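Subject: Handing over a structure

Dear colleague,

I am passing on to you the structure shown below, and after it I set out what was found. Please have it open in front of you as you read.

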Amino acid sequence: MREFIIWLSSAAGASAALSFVAERLPAFQRLRPEHRSLVHLAGSLVIALGAYAIVTYVPPDVLAQITPIFQVIAGVVGTWIANQVFHTADPATKKQ
C-alpha cells in the first residue's frame, strides 16, 4: 500500500488517478476545456499533496492496520478495470 501512496504523490500518479475518476463524471465533462484543465491541475495537486501527507505523517503501524482494507479495495477496482477492458475488447459485445 505504501508504494501506491508514494505513486499517488507523484505527478503521474496523481494525474492518472484523477483522470480515471474525472473522465467518468458528467459534471467534469460539462466544463469548458480551459476549466477542465484548471480543475485537473488543482485536483492533481490536492491528491499529490494529500498522498505525500499520508506517507509523511501517518504512523507506519496505522498504515499496516488499514492495508487489508486497501488490498480488498484495490482487488475489486483492479478486477472491475480488467472486466471493462475485456468487455470493450470482446467481439461478442460488439454484435449486440
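A good place to begin is Arg-32, which is partly exposed because its relative accessible area is 49%. Please keep in mind throughout that this is a predicted model. The side chain of Arg-32 meets that of Glu-34 in a salt bridge, with a distance of 2.5 Å from N to O, and Glu-34 is likewise partly exposed, its relative accessible area being 40%. Side chains of opposite charge can pair when their charged atoms come close. The structure holds one salt bridge.

Next comes the largest pocket, whose volume is about 420 Å³. It is lined by 19 residues, of which Phe-4, Leu-8, Phe-70, Ile-73 and Val-77 are the closest to its centre. Two or more lining residues are given by each of the helices α1 (2-8), α2 (11-22), α4 (33-57) and α5, and the largest share, six residues, comes from α5. As for the character of this lining, 17 of its residues are nonpolar and two are polar, while none is charged.

Helix α5, which covers residues 60-89, also contains Ile-69. This residue counts as exposed because its relative accessibility is 53%, and the cut-off for that class is over 50%. Ile-69 belongs to a nonpolar surface patch of about 610 Å², made together with Ile-66, Ile-73, Val-77, Trp-80, Ile-81 and Val-85. Two members of that patch, Ile-73 and Val-77, are therefore worth finding in the model twice, since they are also listed among the residues closest to the centre of the largest pocket.

Finally, Pro-68 is found in helix α5 as well, and with a relative accessible area of 45% it is partly exposed. Although Pro-68 and Met-1 are 67 residues apart along the chain, their C-alpha atoms are separated by 9.2 Å.

With best wishes

Conventions. Residues numbered from 1 in each chain as written. Predicted model: local features only at pLDDT ≥ 70, side-chain atom pairs only at ≥ 80, totals over all residues. Heavy atoms only, no water. Patch = residues over 30% accessible without salt bridge, like charges linked within 9 Å, V, L, I, M, F, W, Y side chains within 5 Å. Areas by Shrake-Rupley, 256 points an atom, 1.4 Å probe, with all protein chains shown as cover. Salt bridge = Lys/Arg side-chain N within 4 Å of Asp/Glu carboxyl O. Helix = DSSP H or I, 4+ residues; strand = E, 2+ residues; numbered from the N terminus. Buried < 20%, exposed > 50% of the residue type's maximum accessible area, 1.4 Å probe, protein only. 1 Å grid on protein atoms, 1.4 Å probe; cavity = no way out; pocket = protein on both sides within 12 Å on 5 of 7 lines; lining within 4 Å. Points joined across faces, edges and corners; volume = space filled by probe spheres on them. Nonpolar A, V, L, I, M, F, W, Y, C, P; charged D, E, K, R; others polar.
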